[in-house]
Number of protein chains: 2
Amino acid sequence: MTRRQLHLNAFLMNTGHHEASWRLPESNPYASVNLDHYRNLAHIAERGTFDSLFLADGPVLFSQVGQRPSGALEPITLLTALATATEHIGLIATASTSYNSPYNLARRFASLDHLSGGRAGWNIVTTAGAEAARNFGLDDEPAHATRYERAAEFLDVALKLWDSWEDDLVVADKAAGVWGDQRKIHPPRHKGTYFSVEGALNVPRSPQGYPLLVQAGSSQDGRRFAARYAEAVFTAQQTLNDAQNFYADLKSRAREADRDPDHIKILPGIVPVIGSTEAEARQHEQVLEDHIVYEHGLHRLERLLQLEPGALELDAQLPAELAPESAIEGAKSRYTLIVELARRDRLTVRELIGRLGGGRGHLTFTGTPEQVADTIEDWFRRGAADGFNIMPAVLPSGLDLFVDHVVPILRARGLLRTEYGPRQTLRERYGLPRPDNQHTAALV
Amino acid sequence: MTRRQLHLNAFLMNTGHHEASWRLPESNPYASVNLDHYRNLAHIAERGTFDSLFLADGPVLFSQVGQRPSGALEPITLLTALATATEHIGLIATASTSYNSPYNLARRFASLDHLSGGRAGWNIVTTAGAEAARNFGLDDEPAHATRYERAAEFLDVALKLWDSWEDDLVVADKAAGVWGDQRKIHPPRHKGTYFSVEGALNVPRSPQGYPLLVQAGSSQDGRRFAARYAEAVFTAQQTLNDAQNFYADLKSRAREADRDPDHIKILPGIVPVIGSTEAEARQHEQVLEDHIVYEHGLHRLERLLQLEPGALELDAQLPAELAPESAIEGAKSRYTLIVELARRDRLTVRELIGRLGGGRGHLTFTGTPEQVADTIEDWFRRGAADGFNIMPAVLPSGLDLFVDHVVPILRARGLLRTEYGPRQTLRERYGLPRPDNQHTAALV
């Protein structure tokens, strides 16, 4: 039995997770559409023997182009380009169940899984917000519960499509002119509430059977969904205690759903801000905060909290009266996390924007490499995490620093692989079993 | 003024365009999901200084897996992987306007255009057949005219999305904290019959503005659509005379639509079967025909002609009474081409299957490299083609033979570039202008 290993995912985002990162002299303001930028990040992450890369996404132009770099390449497309530039690292793309059709999306993930030799992962999102809905023929976003209902049916259909080819279907008998065994094709013939999908997928079954299923919503609906489908979960947690509670809750939900709790890996997001001394790390952080345009942050925060423009003042705390999470149809758990963070630390709006500027609600670890490694190990050993979603404030330099200075400490402590070894699928990296095909599982 | 140049597109398909190609000893029956196979094909085509690569597609499992290799990687995904393995060649992916949403598809093509440095092309199809419709919640395929109506609105929306960022939007003023000029964002705010799309695309404008627009339907609806939108047209033509008529018709329709007829390039498909002597070429062809399973072809032909099973006999001609093209809701022009081919050459069903086995209605040129080059030059000079869609019967060997033996002759005759020269966009390769942005065109 090998020692329990830490799983690391590199959450790539343009010039970094800090909203002001693009303004630093080192940053390339055109990075979002630059293949070399992302190729470099992928190479750094492979140098750090990370399990995977990850790209967030929404089918909408989120931010004001006046304020900061906006737009991004579509994640499956970008990760396909990175698949050919890497050998070992997993490739996790976000895609929406609300604004895709199962046939097309199942096919694209199967294609990425083939092209990457079994390294594809899907971060399943339901996509909050009316703006996205209006890009797809709707007047407003579907209700939170409706989105999750559709997501569950989407997953059922996608799994039927991925399982529509048995693994050993192809016989390739040239002499007889028989390529495959037609009995091993299983068309979904699905007729449901949201989808009707008749035929089999038009891609042979991929190395992993289907992509690693990842989920990142922490609302009650999100947790139920994760317990049923997710093999890895990204989550934003501000304290060890909150993270332990979330971890215990999700593992126990997995058990209740008759799943091995070890087959759902939980990775809180952290924004490491690293300096050779604590003071240097704090200075890095200060430089970033000095580049925030607080007026822009104010408007974004008002939208996020579903308040009228002008409702917030920079140097006051949040209003005492705010809507309960149940009234929010958008990103429910993120809403609660932000409100609780502001209340707990009695932050002014300006301070709150400073904190959110770094990681949008994810925890910032500021300190020396030793201190960052200590916190990682602490959370890992004390039932708060199976690994971490690393979200550098500035890219590429923040990822470089993490790999050069924190990774060696984690390796020395026996927490992280020192090399990849032979080629593995993304599931194998995460220590997860290859899923059975629903049409053959009973026969095994 | 440089001499008029021939444009060559390599139509890649698994082990080749002949339906029996996979049964040859040289063929890899797993080629459809093999990146190395496609990478090798792309490198051969770049060695032959082709303008572009092309992948056909439909969101449905077309053939019986028992009969021949089935399924394929999704084209934009596969071409993205090939973008990183090539430097010069254009990358044309087929995608359906009937079974995609404009926001997602516009974004994926913009992403490929960025990742390839301006080498993306879109072969626009409306996707015939009830089987595809049933994978997307419909009971039957929409009528031919409806599909084209939706396609036209799809294009209008896609163009609005691609033009929603002006070229010079990004200012990247780090000191002022201003990334872009918000006035240069133009949300489509489209409300139409088939689509409502409110917001701007979430990808910065790509090198070409948008992908090269390619079309391949030759029905009346298809030609009208091509005259309005297409910059390149793939077509199946069986005789020089038919090809000349098609060419003249499309150029004149372009003129009527107030377009420069030289800005719509016409590329008939040809299946070159090459031997060092005519006899050797015929022998290659015979080997392929000997590997056809005629009973399979019979059933496919019955489906294609919308006949009852059992309506055709292998050693008889087609029935005298067949439905007129107007009654066909599927691939109209392909239907007529096949019926006319059979009638003209008085083919038995068996002979017809043999002819179609090679290129599904595209013309097979069988002969020596000189003879193939002669026919290409003849069609090119006599107003039948601006170039050719090269569809090797067997891959990779057929493409290798074409590049090693026909390409040098075309180069010696001054018809084809001898090297790529500096990097160019796909439009530049085809001698086409970069399209203006609809929001700035008037100001130029």
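Which residues of chain A does the UniProt annotation "binding site" cover? The points below take up this question first and then turn to the interface and the salt bridges.

1. The model discussed here is a predicted one. In it, the positions covered by the UniProt annotation "binding site", which comes from an unreviewed entry, are A:Asp57, A:Thr94, A:His144, A:Tyr148, A:Ser218 and A:Ser219. The annotation may be inferred rather than shown by experiment, and the remarks that follow on individual residues rest on the computed model.

2. Among the annotated positions, A:His144 is found in helix H5 of chain A, which runs over residues 144-162. A:His144 is buried, its relative accessible area being 4%. Once the neighbours within four places in sequence are left aside, A:His144 is in contact with A:Ser219, A:Asp221, A:Glu329, A:Gly330 and A:Lys332; of these, A:Ser219 is itself covered by the "binding site" annotation.

3. A:Ser218, another of the annotated positions, is found in the loop of chain A between strand E9 (212-215) and helix H6 (220-229). A:Ser218 is also buried, with a relative accessible area of 12%. Leaving aside neighbours within four places in sequence, the residues in contact with A:Ser218 are A:Arg223, A:Thr235, A:Phe246 and A:Ser333.

4. A:Asn123 is placed in strand E4 of chain A, residues 120-125, and counts as buried because its relative accessibility is 3%, against a limit of under 20%. Apart from neighbours within four places in sequence, A:Asn123 is in contact with A:Phe54, A:Ile92, A:Ala93, A:Thr94, A:Ala95, A:Val214, A:Gln215, A:Ala216 and A:Phe234. One of these contacts, A:Thr94, is a position covered by the UniProt annotation "binding site".

5. Turning to the interface, the contact between the chains takes 75 residues from chain B and 75 residues from chain A. The area buried between chain B and chain A is about 5,700 Å², and carbon and sulfur atoms give 59% of that area. In chain B, the residues that lose the most area to chain A are B:Val65, B:Lys174 and B:Trp179, which together make up 14% of what that side buries.

6. Where polar links across the interface of chain B and chain A are concerned, the rule finds 43 residue pairs in polar contact, both residues being at pLDDT 80 or more, and two salt bridges. B:Arg107 forms a salt bridge with A:Asp57, the closest N and O atoms being 2.6 Å apart. A:Asp57 is also among the positions covered by the "binding site" annotation, and a reader interested in that site may therefore wish to look at this pair in the context of both chains.7. On the side of chain B that touches chain A, the elements that give two or more residues are helix H1 (35-47), helix H2 (75-83), helix H3 (102-115), strand E5 (170-173), strand E6 (178-180) and strand E8 (196-197) of chain B. Of these, H3(B) gives the most, with eight residues. The residues of this side divide into 36 nonpolar, 25 polar and 14 charged.

8. Over all chains, the count by this rule comes to 62 salt bridges. One of them joins the side chains of A:Lys251 and A:Asp386, at 2.9 Å from N to O. A:Lys251 lies in helix H7 (residues 240-256) of chain A and A:Asp386 in the loop between helix H12 (369-381) and strand E13 (387-390) of chain A, so that the pair ties together parts 135 residues apart in sequence. Both partners count as buried, A:Lys251 at 6% relative accessibility and A:Asp386 at 4%.

9. A:Glu377 forms a salt bridge with A:Arg413, the closest N and O atoms being 2.8 Å apart. This pair links distant parts of the chain, with A:Glu377 in helix H12 of chain A and A:Arg413 in the loop between helix H13 (397-412) and helix H14 (426-429) of chain A, 36 residues apart. A:Glu377 is buried, with a relative accessible area of 15%, whereas A:Arg413 is partly exposed, at 22%. The two residues also belong to a network of salt bridges that links A:Glu370, A:Asp374, A:Glu377, A:Arg381 and A:Arg413.

10. In chain B, B:Asp345 forms a salt bridge with B:Arg344, the closest N and O atoms being 3.0 Å apart. B:Asp345 counts as partly exposed at 28% relative accessibility, and B:Arg344 is partly exposed with a relative accessible area of 41%.

11. Helix H9 (residues 294-304) of chain B has as its buried residues B:Tyr294, B:Gly297, B:Leu298, B:Arg300, B:Leu301 and B:Glu302. Just after H9(B), B:Gln306 takes a positive phi of about 55 degrees.

Methods
Residues are numbered from 1 along each chain as its sequence is written. Chains are lettered from A and ligands numbered from 1 in the order in which they are written. This is a predicted model: local features need pLDDT of at least 70, side-chain atom pairs count only at pLDDT 80 or more; totals for chains, interfaces and linings use all residues. Side-chain values use heavy atoms; hydrogens and water are left out. Contact means heavy atoms within 4.5 Å. Buried area is the accessible area (1.4 Å probe) that two parts lose on being put together, summed over both. A salt bridge is a side-chain nitrogen of Lys or Arg within 4 Å of a carboxyl oxygen of Asp or Glu. A polar contact is a pair of N or O atoms within 3.5 Å; within protein, one must be able to donate a hydrogen and the other to accept it, and residues adjacent in sequence count only if both atoms are side-chain atoms. Helices (H or I, at least four residues) and strands (E, at least two) are DSSP runs, numbered from the N terminus. Ala, Val, Leu, Ile, Met, Phe, Trp, Tyr, Cys and Pro count as nonpolar, Asp, Glu, Lys and Arg as charged, and the others, Gly among them, as polar. Buried means under 20% relative accessible area, exposed over 50%, partly exposed in between (1.4 Å probe, protein chains only).
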